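Colleague: I have a model open on my screen and would like to learn how to read it. Could you take me through it, one feature at a time?

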Amino acid sequence: MGLLSKKDAKLITDPLADNNPITIQVLGICSALAITAELEASIVMSISVLFVMGVGNVVISLMRNIIPSKIRIIAQLIVVATLVIIVDLVLKAFAYELSKTLSVFVGLIITNCIIMGRFEAFALGNGPWRSFLDGIGNALGYAVILIIVGFFRELLGSGTLLGIPVLGDPIEKTGLYSIGYENNGFMLLSPMALIVVGIIIWVQRTRNKALVED
Amino acid sequence: MEKRTDKNSYTVIFAIGMVLVVGSLLAYLASTLKPRISENQRLEKQQNILYAMGINDNDETSAVFISTEKAPEAFTSNVQDQIVITIDSNGKVLKEQTRDEYFNETNQEPYLIDVKKQQASAKDGGERKLPLFVGKNKDGKMVYVAPIYGKGLWDAIWGYVAMDENMVVQGAYFDHKGETPGLGANIKQRYFMDDFYGEHLLTENGAFKGITVAKGNADPKNNDKTDNEVDAIAGATITGDGVSAMIKNDLKLYKPFFDNLKKQAN
């Protein structure tokens, strides 16, 4: 990568695996449970978080020398909330259809602890460019897990992917359903997201022993 | 050494400054964008009503509204009248107005009546205005579209139900403010809304029963149209109950209108 120094590139690649915000830092679990019943919702949420984290980290980083440490959490919260509300308002005025798809995610983004966590842990102590890369990296790490969980929950829970039936018709008994396969309704409920995340954590730590804590 | 930003006075000034900057920025944005946003919301109401009447751009699987450019014209040509029924808090009909009568009195289009406010007014013992949109659906059949409003799991849910003169559903549109994506949010998916088509709101004896979003009703293909039930969405029980409740509570109020309509026809 000519564009990024090795150190900068690590900011993007680290959160994808060895320092993943969900499976290693265990942040952002709440939204991972809430919206992964369908792959499409996972993808929309990932893109929204990517945007908010990239911009938010830069804003916080630019303000890092003037934010008083005593009220820094509230200042961070205001920055995320303002950003999200501005995007929501502009979309409502100029891209109404899109804003309706995204409106349910607004609350989930503001309260997403990955965003607050990265503001606190990284953007407050680093320059804008590196903070931007850190934001993008963590958002991508979040997206990877969200999409994996969404993929399995939708496939096993509803037998569809992005709303398209891939295993046949459960009512007409075609495809896999003709040999007695049934959708697992459990997969649609939030606790199953936690179990899928748990399996990912297990697989990841089995492959990389360095991640196991004593 | 204490940093400049650690001082109490600095903290207070920073807090005040940030609130002022953020507050005025948001207030400015909200007020400049408001006309555009309310125009979008107005068109959406027209699209919702037209959707329930079967006038939409649906493809095989997904719900697509008629485009915003075409909506106002389609609304004028398809909706023949917008009746406003005024009832007291006991559900007794006080008066019935046509669109023109209502518009002359209030200078407001009946389709912009806020159902939520009307519900609140009836709850406080006041009057309630029930709008009803009359027109021919895409098959040329006379339908009556009523708006409904209720509560889901997290926030508001609402919809528009088109009925024929026997209170048999001819089309339905549901929407929500913040139901869980992938679960409760699916009340606005075709596979849920389409199930309502042809369902009876009345029992065989002509009493009002509503339509219940039922789990395990042994009719997943929804062939039985007179069982007053549609198949629920897995994992969205409370949103489904909310849909049942708003259909029951709000459409019940229109029963006297349909009774009257039948009387006149005979």
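Colleague: Let's begin with burial. What percentage of the 214 residues in chain A do buried residues make up?

Modeller: Keep in mind that this is a predicted model. In chain A, buried residues account for 35% of the 214 residues. For chain B, the share is 33% of 266 residues.

Colleague: And what is the secondary structure of chain A and of chain B?

Modeller: Chain A has eight helices and two strands. Along its sequence the order is α-α-α-α-α-α-α-β-β-α. Chain B, for its part, has seven helices and eight strands.

Colleague: What box do the C-alpha atoms of each chain fill?

Modeller: Taken along the principal axes, the box for the C-alpha atoms of chain A is roughly 65 × 50 × 35 Å. The one for chain B is roughly 90 × 50 × 40 Å.

Colleague: How do I read contacts between residues that lie far apart in sequence?

Modeller: Take the contacts with a separation of 6 or more, and ask what part of them comes from residues 24 or more positions apart. In chain A that part is 75%, and in chain B it is 56%.

Colleague: Could you show me one residue with such contacts?

Modeller: Try Ile114(A), which sits in helix H6, residues 113-121 of chain A. Setting aside residues up to four places away in sequence, Ile114(A) touches Pro21(A), Leu27(A), Gly28(A), Asn138(A) and Tyr142(A). There is also Ser31(A), 83 residues away along the chain, with its C-alpha atom 9.9 Å from that of Ile114(A).

Colleague: Is Ile114(A) buried or exposed?

Modeller: Ile114(A) has 25 other C-beta atoms within 10 Å, so it is buried. The cut-off for that label is 20 or more.

Colleague: What would be a residue at the opposite end of that scale?

Modeller: Lys221(B) is one. It counts as exposed because it has 9 C-beta neighbours inside 10 Å. You will find Lys221(B) in the loop between strand E7 (212-214) and strand E8 (229-231) of chain B. Measuring from C-alpha to C-alpha in the model, Lys221(B) is 38 Å from Ala122(B), and the two are 99 residues apart in sequence.

Colleague: How should I think about a nonpolar core?

Modeller: In soluble globular proteins, nonpolar side chains tend to be buried together. Here, the largest nonpolar core has 92 residues, and those touching the most other members are Ala52(B), Val145(B), Val161(B) and Ala162(B).

Colleague: Which residues is Val161(B) in contact with, leaving aside its neighbours within four places in sequence?

Modeller: The list is Ala52(B), Val145(B), Ala146(B), Ile148(B), Val169(B), Ala172(B), Ile247(B) and Leu251(B).

Colleague: Now helix packing. How is a pair of helices described?

Modeller: Two packed helices are described by the angle between their axes and the distance between the axes. In chain A, take helix H3 (residues 39-63) and helix H7 (residues 128-158): their axes come within 8 Å and cross at roughly 165 degrees. Angles over 145 degrees count as roughly antiparallel, which is why H3(A) is roughly antiparallel to H7(A). The crossing is right-handed, and the residues of this contact are 20 nonpolar, 10 polar and two charged.

Colleague: And what about a pair in chain B?

Modeller: Helix H1 (residues 8-52) and helix H2 (residues 71-78) of chain B have axes that come within 9 Å and cross at roughly 50 degrees. That angle makes H1(B) oblique to H2(B), and here the crossing is left-handed. From H1(B), Leu43(B), Gln46(B), Gln47(B) and Leu50(B) meet Ala71(B), Pro72(B), Ala74(B), Phe75(B) and Asn78(B) of H2(B). By class, this contact has six nonpolar, three polar and no charged residues.

Colleague: What should I look for in backbone angles?

Modeller: Most residues other than glycine have a negative phi. Met167(B) has a positive value, near 60 degrees. It lies in the loop between strand E5 (156-163) and strand E6 (169-176) of chain B, and Met167(B) is buried, with 24 other C-beta atoms within 10 Å. Asn228(B) also has a positive phi, near 55 degrees. Its place is the loop between E7 and E8 of chain B, and Asn228(B) is buried, with 21 other C-beta atoms within 10 Å.

Colleague: Finally, how many residues from each chain take part in the contact between chain A and chain B?

Modeller: Chain B gives 26 residues and chain A gives 25 residues. On the chain B side, 15 are nonpolar, seven polar and four charged.

Key: Residues are numbered from 1 along each chain as its sequence is written. Chains are lettered from A and ligands numbered from 1 in the order in which they are written. This is a predicted model: local features need pLDDT of at least 70, side-chain atom pairs count only at pLDDT 80 or more; totals for chains, interfaces and linings use all residues. Two residues are in contact if their C-beta atoms, placed from the backbone, lie within 7 Å. Ala, Val, Leu, Ile, Met, Phe, Trp, Tyr, Cys and Pro count as nonpolar, Asp, Glu, Lys and Arg as charged, and the others, Gly among them, as polar. A nonpolar core is a set of buried Ala, Val, Leu, Ile, Met, Phe, Trp, Tyr and Cys residues joined through C-beta atoms within 7 Å. A residue is buried if 20 or more other C-beta atoms lie within 10 Å of its own, exposed if 12 or fewer, and partly exposed in between; C-beta atoms are placed from the backbone. Helices (H or I, at least four residues) and strands (E, at least two) are DSSP runs, numbered from the N terminus. Axes are lines fitted to C-alpha atoms, for helices over the stretch in contact, and angles run from 0 to 180 degrees between N-to-C directions. Angles under 35 degrees count as roughly parallel, over 145 as roughly antiparallel, 65 to 115 as roughly perpendicular and the rest as oblique. A crossing is left-handed if the near helix is turned anticlockwise from the far one by less than a right angle, and right-handed if clockwise.
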